[in-house]
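Reader: I'd like a close look at one part of this protein, its nonpolar core. Could you walk me through it in plain words?

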Amino acid sequence: MNILITNDDGVFAPGILAAKQAIEDLGNVVVVAPDKNNSSIGRRLSLFNHLEINRYKLDDGSLAYSLSGTPADSVVVGADYLMDEKPDLIIAGINQGINISCDVTSSGTVCAALEAASLGIPAIAASLFVDPKTSYKQDENGEWYVDYDFTLAKKVLRNLVLKIIDEGFPEGVDLFNLNVPSNYECEDVKITRLSHKMLDKKVIDNTDEEKKDIFNYPLDESQDRDDLIMIVSDLVRDYEVGSDGYALTVEKRPSLTPLNVNMTYTELNDWKI
């Protein structure tokens, strides 16, 4: 099996190495990913733009390719240019963060898998839902860091790929969206549907006392202007039973959502204009 791995966190992110380590003995694996973080970029393609490809060494010393483009670009370049044969499977991830609900259309991770599906290649988008209560830790100097424990995510991803090798994709399924919680109570995977939404979004300015610390976080030299605004978000807390969000946040177990790229709704019956 020829497998292409990409992500939206960038080729340097630990999740892409975790994905490779999970399945590297199952086929011919090629890693192609953006040279910088491309989170929430959706399915953007750099059409008719010059892109730079560089060789990059992952932390285990193995070869990867960095691309001055997007996750969707990485899928096209990897599948059509860098691999000797068309990949049989494309994996996007393991993303460092949650990707659920109808908001997946903004996810660089899921949209890389959507791009793969549009090329006729089955795909998996894999994400690690990091619990801030257990994953944020301090080192001996008191500095905070995120402890990304990919152990269960790697195990579930590997089992999913093995099942796909044995049985193929279910009829009508173009891609799987896999989310695994870092602080889990059950390892059994739940087949789910998309939640209504993942994020509550709000626009703030420098008069918002509730979000003052976020707005004033130093990002660039021009941020002290009075005409600046910022879009902020909070994770939705209430999810319907059977959804990906419910499996992750309430049942605290891995969620696997089968998706189809054709979003057409076909049951309008006699509805006319």
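Reader: To set the scene, among contacts between residues at least 6 apart in sequence, what percentage join residues at least 24 apart? Then take me into the largest nonpolar core.

Author: Sure. Keep in mind that this is a predicted model, where local features need pLDDT of at least 70, side-chain atom pairs count only at pLDDT 80 or more, and totals for chains, interfaces and linings use all residues. Residues are numbered from 1 along each chain as its sequence is written, and side-chain values use heavy atoms, with hydrogens and water left out.

On your contacts (heavy atoms within 4.5 Å), the figure is 77%. Of the 273 residues, 46% count as buried, meaning under 20% relative accessible area with a 1.4 Å probe, protein chains only.

Now the core itself. A nonpolar core here is a set of buried Ala, Val, Leu, Ile, Met, Phe, Trp, Tyr and Cys residues joined through side-chain atoms within 4.5 Å. The largest one has 35 residues, and I5, I23, I91, I94, I124, L157 and V161 touch the most other members. Two or more residues each come from β1 (2–6), α1 (14–23), β2 (28–34), β5 (89–96), β6 (123–129), α5 (151–167) and β9 (175–181); these are DSSP runs numbered from the N terminus, helices being H or I of at least four residues and strands E of at least two. The top contributor is α5, with seven residues.

Zoom in on V161: setting aside neighbours within four places in sequence, V161 is in contact with I23, L26, L89, I91 and I124. Apart from this core lies another, of 25 residues, including L67, V75, V77 and V110.

Methods. Buried means under 20% relative accessible area, exposed over 50%, partly exposed in between (1.4 Å probe, protein chains only).
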